[in-house]
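Open the model in your viewer and keep the sequence panel beside it. This tour goes stop by stop: select, look, move on.

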Amino acid sequence: MSRKTIRKTKKKYGRPGPPGPYALLPTLLMGLGAFSNLWQGETSNPWVGGLGLLAFNSLYISVVFRGFDRRRRESATSYVLLAAMAALTFGLAIGYGGNWLLFFPLLSLACGTILRGRRLGVGLFVLAGCACAVAVWRGDHVSEPWTIGYGTFISGAVTAAILTLSETVTELRATRQELARNAVEQERLRFSRDLHDLLGHTLSVVVVKSEAARRLAPHDIDAAIAQVTDIESVGRQALTEIREAVTGYREGSLATELDRAGPVLAAAGIEAAVHRSGPPPGPQADALLGWVAREAVTNAVRHSDAAHCEFVLDSTSERVRLTVTDDGAGPGDPEGPVRGTGLKGLAERLAAAGGSLESGPGPGGGFAVTAELPADTGSGTEGAAGTASGSRRRDRC
């Protein structure tokens, strides 16, 4: 966790973030007793003691600042500095005793900023035991030796716990922001897919019926008016569907889309046929296949110049497959539908539901779209009895 991250956290949430390295610098006041001994001339070899105190403070500051940057904290340099600080602490504590024993808690605090996991636990126990042993051996501290050992252990443990908790909170906040961004991106993707599926199909129907009305107007005004009436109905339905898509409540229906496919294809001069076999798919599969049927009709009207379009629905207790084929020339680019917005988005939806979508030239020419999904028939509204003996029914749209 870097200092930059800490500053961002404070700015983002308007309240204090995780502690920084400066929060640990006041603990150096624990060394005032040793400094007082030097100042009052109570320490032998004062030059050695003074240089030792200066070196200890410098190492402490360096180690603490490195401990707040994960990359620097886990580097070999940090462990070397910590080892040098430990050697200096033992030397000063053994050599001078008294107030100099308080360097053990400071060393433990520095260990809490650098070490994590098992290394921290072992290090603190060993350091606390050594501090207690040195205090017993010297026997010249104002407090009991066990308090030196306890203070040494608790300093490092509390420091490590606070820093670990602060890092966890910072990571959770960052994760929450990332999840929020992902949710927004997914909603945008859903909205763009729905708009493409809705408007692409609707506008294609409007264009086809408008052309039919233009052709019929000079010869059969009543038929032209009927086409215009259909255009009005399609427009109103499109408005309703767009509102549902915006609120996220719209679910397609295969039966509805197949019912709509007949008039749309007929207006484009395409004869449609539907073949069904097996039990009806469950709600989720039915909704997804409804989107597939809608997109296939849109592509047939806009791209194929076909004369016939066939819908084949085969379902079992485990899988359901919808195949839409036409005898037209298909898109100019064979890879276009797969890479296009419509079928590409449908392929992603079906893949997320455990299914697949394939599109390309049909076995007998023309163009074919095949969608396969888990049947999910447990919540279907019709039983298998409605399709006894698995016979195939043929309906003309």
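## Start at the strands

Select Arg-276 and Leu-313: Leu-313, in β2, is the bridge partner of Arg-276. Bear in mind that this is a predicted model.

Now widen the selection to residues 271-277, which are strand β1. β1 is mostly covered, with five of its seven residues buried. Add residues 308-315, strand β2. The two strands run in the parallel sense and are paired over seven bridges. Pick out Val-274 here, and you will find Phe-311 of β2 opposite. In a regular strand, side chains alternate between the two faces of the sheet. Keep that in mind when you step along the backbone.

Next, select residues 319-326 for strand β3. In which sense does β3 pair with β2, parallel or antiparallel? The pairing is antiparallel, again over seven bridges. β2 and β3 make a hairpin, and three residues lie between them. Show Ser-315 and Val-320: Ser-315 stands opposite Val-320 of β3.

## Zoom out

Show the whole chain as a cartoon. The protein has 13 helices and six strands. Of its 397 residues, 41% count as buried. Turn on contacts between residues at least 6 apart in sequence: 72% of them join residues at least 24 apart.

## The α5 and α6 pair

Select residues 76-96 for helix α5 and residues 103-114 for helix α6. Their axes are 10 Å apart and meet at an angle of about 170°. An angle over 145 degrees counts as roughly antiparallel, so α5 and α6 are roughly antiparallel to each other.

Show the side chains where the two helices touch. On the α5 side, choose from Ser-78, Tyr-79, Leu-82, Met-85, Ala-86, Thr-89, Phe-90, Leu-92 and Ala-93. On the α6 side, take Phe-103, Phe-104, Leu-106, Leu-107, Ala-110, Cys-111 and Ile-114. Colour these residues by type. How many are nonpolar, polar and charged? The contact has 14 nonpolar residues, two polar and no charged.

## Into the largest core

Stay with these helices and look at the largest nonpolar core, which has 37 residues. Select Tyr-60, Leu-82, Met-85, Trp-100, Phe-103 and Phe-104: these touch the most other members. Several helices feed this core. α2 (32-39), α3 (46-67), α5, α6, α7 (117-138) and α8 (145-216) each supply at least two residues. Which helix gives the largest share? It is α6, with eight residues. In soluble globular proteins, nonpolar side chains tend to be buried together.

Centre on Phe-104. Leaving out residues up to four places away in sequence, Phe-104 touches Thr-89, Phe-90, Ala-93, Leu-127, Ala-131, Val-134 and Thr-152.

There is a second, separate core of 36 residues. Select Val-234, Ala-261, Leu-343 and Val-369, which are among its members.

## Along helix α8 and beyond

Select Thr-202, in helix α8. Is Thr-202 buried or exposed? Thr-202 is buried, at a relative accessible area of 7%. Show its surroundings. Setting aside neighbours within four places in sequence, Thr-202 is in contact with Val-234, Ala-238 and Arg-294. Draw a distance from Thr-202 to Ala-238: the C-alpha atoms are 6.6 Å apart, while the two residues are 36 apart in sequence.

Jump to Ala-296, in helix α11 (residues 283-304). Ala-296 counts as buried, with 5% relative accessibility. Draw the line to Val-369, 73 residues away along the chain: the C-alpha separation is 7.0 Å. Val-369 is the residue you selected in the second core.

Then go to Gly-342, in helix α13 (residues 341-352). Gly-342 is also buried, at 5% relative accessibility. Its C-alpha atom is 10.0 Å from that of Ser-192, and 150 residues separate the two along the chain.

## Last stop: a loop

Select Asn-45, in the loop between α2 and α3. Check its backbone: phi is positive, about 50°, although Asn-45 is not a glycine. Most residues other than glycine have a negative phi. Now switch on the surface. Asn-45 is exposed, with a relative accessible area of 53%.

Conventions:
Residues are numbered from 1 along each chain as its sequence is written. This is a predicted model: local features need pLDDT of at least 70, side-chain atom pairs count only at pLDDT 80 or more; totals for chains, interfaces and linings use all residues. Side-chain values use heavy atoms; hydrogens and water are left out. Axes are lines fitted to C-alpha atoms, for helices over the stretch in contact, and angles run from 0 to 180 degrees between N-to-C directions. Helices (H or I, at least four residues) and strands (E, at least two) are DSSP runs, numbered from the N terminus. Angles under 35 degrees count as roughly parallel, over 145 as roughly antiparallel, 65 to 115 as roughly perpendicular and the rest as oblique. Contact means heavy atoms within 4.5 Å. Ala, Val, Leu, Ile, Met, Phe, Trp, Tyr, Cys and Pro count as nonpolar, Asp, Glu, Lys and Arg as charged, and the others, Gly among them, as polar. Buried means under 20% relative accessible area, exposed over 50%, partly exposed in between (1.4 Å probe, protein chains only). Two strands pair if DSSP finds at least two bridges between them. A nonpolar core is a set of buried Ala, Val, Leu, Ile, Met, Phe, Trp, Tyr and Cys residues joined through side-chain atoms within 4.5 Å.
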